[in-house]
Structure formats: C-alpha cells, structure tokens
Amino acid sequence: MYYVYIIRCEGGEFYTGIATDIARRVHEHFTQSSKCAKYTRSHRAVSLEALWSADDRSSASKLERRIKLLSHKQKQELTENPDTVNDAAGIEGCFYSAECELLNEINKKTSEH
C-alpha cells in the first residue's frame with residue numbers, strides 16, 4: 001500500500017509527498033528530522049491535510065505528480081474535498097480518500113510533539 005498526502009506548512013503553503021509508512025513519514029516531516037524533505041525542513045509542517053491510498057507505487061507517483069502541478073487554490077479545494085481527487089488530478093479510479101480515522105490518528109500523534 002502506498003499513500004499520497006498533503007501537508008500544510010507555515011505560511012499556508014502545501015507539501016505533497018508519497019510514502020509506504022505514512023505515520024513514520026509524517027513524523028519525520030513534523031519533527032524536521034534529517035530524513036524529512038528539504039522543503040519541510042525550511043517550511044515547518046503544521047498539519048496533515050489530506051491522505052489517499054493507492055495499490056502500487058506507479059499509481060501513487062502519478063497522483064503525487066498531478067497534485068504537485070495543481071495551483072495553490074486547487075490544492076486548497078482538494079484538501080477541503082479530498083473525495084474529488086479523481087476529478088482534480090485527472091486520474092480515474094484507483095484512488096480513494098483514506099480512512100478519516102487514520103488521518104485523525106496521525107494528526108493527534110503529530111500534535112503531541
């Protein structure tokens with residue numbers, strides 16, 4: 001299972017990434033560990049805004065790329081309506097919004113740090 005995620009950073013900017021272990025990867029971003037992305041090292045992560053899952057790396061990578069090409073406004077709309085990802089990213093079928101419980105659990109853990 002692969003995950004595609006959007007993190008909101010200080011200043012309202014968005015970071016989009018891909019991971020197999022979403023809890024570990026988000027923790028790296030929020031703690032600004034040496035393994036976090038260069039972008040989240042200089043733009044502190046504030047919250048995990050959206051999360052989707054895909055069955056394979058190819059599908060997840062395609063979604064990640066399409067999201068990265070969206071405007072800031074489009075990304076904002078996508079975080080407000082994550083179920084519209086197929087329309088927004090122009091990819092059919094293979095993605096679905098991950099369980100809200102997982103998103104809430106990860107946000108709770110990251111807010112504790």
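1. In this predicted model, R25 and E28 stand three residues apart in helix α1, so about one helical turn separates them. Their side chains meet in a salt bridge, with 2.7 Å from N to O. R25 is buried at a relative accessible area of 14%, and E28 likewise counts as buried, at 8%.

2. E28 also forms a salt bridge with R24, where the closest N and O atoms are 2.8 Å apart; these two residues are four apart in helix α1, again about one helical turn. R24, with 39% relative accessibility, counts as partly exposed.

3. A further pair is found in helix α3, which covers residues 57–68 and holds both E64 and K68, four residues apart or about one turn of the helix. The closest N and O atoms of their salt bridge are 3.4 Å apart; E64 counts as buried at 14% relative accessibility, whereas K68 counts as partly exposed at 39%. Returning to the earlier pairs, salt bridges with shared partners join D21, R24, R25 and E28 into one network, and the whole structure has six salt bridges.

4. Why does C9 form no bond with C36, the closest cysteine by sulfur position? The two sulfurs are 9.8 Å apart, which is too far for a bond, and C36 is in no disulfide. The count of disulfides is zero. C9 is buried, with a relative accessible area of 1%, and C36 is buried as well, at 6%.

5. Q32 deserves a look at its backbone, since most residues other than glycine have a negative phi. The phi of Q32 is positive, near 50°. Q32 is placed in the loop between α1 (22–31) and α2 (38–42), and is partly exposed, with a relative accessible area of 32%.

Notes: Residues are numbered from 1 along each chain as its sequence is written. This is a predicted model: local features need pLDDT of at least 70, side-chain atom pairs count only at pLDDT 80 or more; totals for chains, interfaces and linings use all residues. Side-chain values use heavy atoms; hydrogens and water are left out. A disulfide is a pair of cysteine sulfur atoms within 2.5 Å. Buried means under 20% relative accessible area, exposed over 50%, partly exposed in between (1.4 Å probe, protein chains only). A salt bridge is a side-chain nitrogen of Lys or Arg within 4 Å of a carboxyl oxygen of Asp or Glu.
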